[in-house]
Amino acid sequence: MDLWLNPRLDRAAELLAGTATQASGELRLGIDLGTSDVVSMVVDAEDRPIGVQLEWADVVRDGIVWDYFGAVSIVRRQVAALEQQLGVRFGKANTSFPPGTDPRISVNVIEAAGLEVDQVIDEPSAVASLLAIDAGAVVDIGGGTTGIAVVNEGRVVYSGDEPTGGHHVSLTLAGSRNIPLEEAEQLKLQRGREIWPTVQAVFEKMADIVREHLQGHSVQSLYLSGGSCALPGVRELFAHEFPSLQVLQPSQPLFLTPLSIAAYRPMPVGNR
Ligand SMILES: Nc1ncnc2c1ncn2[C@@H]1O[C@H](COP(=O)(O)OP(=O)(O)OP(=O)(O)O)[C@@H](O)[C@H]1O
Ligand SMILES: [Mg+2]
């Protein structure tokens, strides 16, 4: 995972910071409509990110696009920026949906933004496919939700979603320090190590929730995804809470789901 995945995720972070890139060969575009942000990512034929756009946006709540026109205009803007950067035109894109929600919502947004939908896949299945997980669980702690998916023989056999995420981490911090939410959010992003003791209990609660979802399933590893897993302390906490499991945390968990969506292609039948 470290050798193949982390350089790609690090590259995505660099691209967002403005590093120039060169495009060649077949390019694929993926669009992740999240509770905290909308991320559009372009990958090349080797699934290396070559363009990334991220906008913090409040267009999705509880896994549902509630600001439809806001979502469409962000997607249009991001795709136009990527097309300009890379000197190409995109006719189609992959997109995703949280398990248990209607995939047509994301499809409608992408189509209204003028793109054809190539693949539409639920988020943990996209991650499971990218990481070629055989028997494990994906824990995606995003902004508004924590998604748990159990993968067996490469297939998602169980998935659940809980309404706890990074937003609640910031709320806890704001409450305990008596500061505005926006200030707490910035503090969390910039001084994660320092604030960890204050928010640790929120993640302990998330670990309890994950444990409940995993009951009755046989898994060997936990794959941490989602921006909230970037907080220093999260991997160690999950490793402590699940001592019998291998806990894997990618270098830039914020980009794992968007990368998985962009890179997703269905396996030919009989290849598993
Ligand atoms: N370095 C970081 N340290 C701590 N938290 C972070 C960091 N980077 C991002 N986050 C948090 O991650 C969350 C966004 O993650 P992500 O993009 O995975 O969520 P999302 O996909 O928008 O939400 P959801 O999956 O719930 O719909 C936000 O709450 C943000 O504060
Ligand atoms: Mg997400």
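**A two-domain model and its ligand shell**

Helix α7, residues 192–214, lies across three strands: β8 (135–141), β9 and β10. Its direction makes an angle of about 35° with β9. The model described here is predicted.

The three strands under this helix belong to a wider sheet. That sheet is open and has 5 strands, in the order β10-β9-β8-β11-β12. Its pairing is mixed. In general, strands of a sheet pair through backbone hydrogen bonds, and the pairing can be parallel or antiparallel. β10 (155–162) and β12 (246–248) stand at the edges of the sheet. Each has a single partner strand, so one side of each is left without a neighbour in the sheet. On average, neighbouring strands of the sheet are turned by 15° against each other, direction ignored.

One pairing can be followed in detail. Strand β9 covers residues 146–152 and runs antiparallel to β10. The two strands are joined by 7 bridges. Within this pairing, G147 of the model stands opposite D161 in β10.

The protein is assigned two domains. Domain 1 consists of residues 5–126 + 256–263, and domain 2 of residues 128–250. Taken over C-alpha atoms, the centres of domain 1 and domain 2 are 22 Å apart. The contact between them takes 22 residues from domain 1 and 21 residues from domain 2. On the side of domain 1 that touches domain 2, three elements give two or more residues: α1 (5–16), α4 (123–130) and α9 (256–263). The largest share on this side comes from α9, with 5 residues. By class, the residues on this side of domain 1 are 9 nonpolar, 9 polar and 4 charged.

Both domains also take part in the surroundings of ligand 1. Domain 1 and domain 2 each give at least three residues to the shell around ligand 1. There are 23 residues around this ligand, and G34, T35, G142, G166 and G227 come nearest. Helices supply part of the shell. α5 (166–177) and α6 (181–190) each contribute at least two residues. The largest share, 3 residues, comes from α6. By class, the shell around ligand 1 holds 14 polar residues, 5 nonpolar residues and 4 charged residues.

Notes
Residues numbered from 1 in each chain as written. Chains lettered and ligands numbered in written order. Predicted model: local features only at pLDDT ≥ 70, side-chain atom pairs only at ≥ 80, totals over all residues. Pairing = 2+ DSSP bridges. Helix = DSSP H or I, 4+ residues; strand = E, 2+ residues; numbered from the N terminus. Axes fitted to C-alpha atoms, helices over the stretch in contact; angles between N-to-C directions. Contact = placed C-beta atoms within 7 Å. Domains from an automatic or database assignment. Nonpolar A, V, L, I, M, F, W, Y, C, P; charged D, E, K, R; others polar. Near = placed C-beta within 6 Å.
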